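Dear colleague,

I am passing on a structure to you with this email, and below it I have set out what was found. Please keep it open while you read, so that each residue can be looked up along the way.

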Amino acid sequence: MKIEFHKLQAEIDEFAWNFKISNQVDDWFEEERLSKVEAMAKADNADAQIFLAHTHLKGFHSLHEQKKFIQPDFVAAAQWAAKAASTGHAMGFAILFILNFKGLGVPKDRVKAVKWLVKLAELGIPEAQTL
């Protein structure tokens with residue numbers, strides 16, 4: 001089975017970009033802004049949880065760490081995505097699909113990956129329906 005992830009990844013990237021714009025978070029994370037997003041996520045804001053999952057999936061730059069690039073943390077990405085998915089958030093399903101399919105931060109499990117893909121398709125996400 002050949003799966004092209006680029007369309008689904010583009011949807012996740014676009015969601016994270018829109019969250020950054022609306023919450024005035026930039027690519028160089030200041031500790032105060034990152035703390036604000038983490039507080040939102042801990043207060044069950046699913047959009048903030050997805051943003052943090054995306055950030056950990058891609059890695060990020062930190063002003064607090066002297067403009068150092070922080071490497072991806074797939075375990076943290078999976079944890080935040082799972083919290084958002086528990087609310088029915090499509091991007092949570094999408095991130096968990098990718099992580100389970102590739103075995104990033106979680107054991108590689110194609111059965112679980114397909115479960116997340118089916119949930120996306122049921123929500124009418126075109127990228128999931130064509131994979």
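**Aromatic pairs and a helix contact**

Phe101 has a relative accessible area of 8%, and because anything under 20% counts as buried, Phe101 is a buried residue. Please bear in mind that this is a predicted model.

Phe101 has a partner in Phe97, which lies four residues away in the same helix, H5, a spacing of about one turn of the helix. Phe97 also counts as buried, at 1% relative accessibility. The ring centres of Phe97 and Phe101 are 5.8 Å apart and their planes stand at 40 degrees, so this pair is tilted.

The count of aromatic pairs comes to two. In the other one, Phe93 and Trp116 are stacked, with 5.6 Å from centre to centre and 25 degrees between the planes. Since Phe93 belongs to helix H5 and Trp116 to helix H6 (residues 110-122), this pair ties together parts that are 23 residues apart in sequence. Both Phe93 and Trp116 are buried.

Helix H5 (residues 90-102) also meets helix H3 (residues 46-58): their axes come within 10 Å and cross at roughly 25 degrees. Angles under 35 degrees count as roughly parallel, which means that H3 is roughly parallel to H5. The crossing of H3 past H5 is left-handed. On the H3 side the contact is made by Ile50, Ala53, His54 and Leu57, while H5 contributes Met91, Gly92, Ile95 and Leu99. Sorted by class, the residues of this contact are six nonpolar and two polar, with no charged ones.

With best wishes

How values were computed
Residues are numbered from 1 along each chain as its sequence is written. This is a predicted model: local features need pLDDT of at least 70, side-chain atom pairs count only at pLDDT 80 or more; totals for chains, interfaces and linings use all residues. Side-chain values use heavy atoms; hydrogens and water are left out. Axes are lines fitted to C-alpha atoms, for helices over the stretch in contact, and angles run from 0 to 180 degrees between N-to-C directions. Helices (H or I, at least four residues) and strands (E, at least two) are DSSP runs, numbered from the N terminus. Angles under 35 degrees count as roughly parallel, over 145 as roughly antiparallel, 65 to 115 as roughly perpendicular and the rest as oblique. A crossing is left-handed if the near helix is turned anticlockwise from the far one by less than a right angle, and right-handed if clockwise. Contact means heavy atoms within 4.5 Å. Ala, Val, Leu, Ile, Met, Phe, Trp, Tyr, Cys and Pro count as nonpolar, Asp, Glu, Lys and Arg as charged, and the others, Gly among them, as polar. Rings of Phe, Tyr and Trp (its six-membered ring) pair if their centres lie within 6.5 Å; planes under 30 degrees apart count as stacked, over 60 as edge-to-face and the rest as tilted. Buried means under 20% relative accessible area, exposed over 50%, partly exposed in between (1.4 Å probe, protein chains only).
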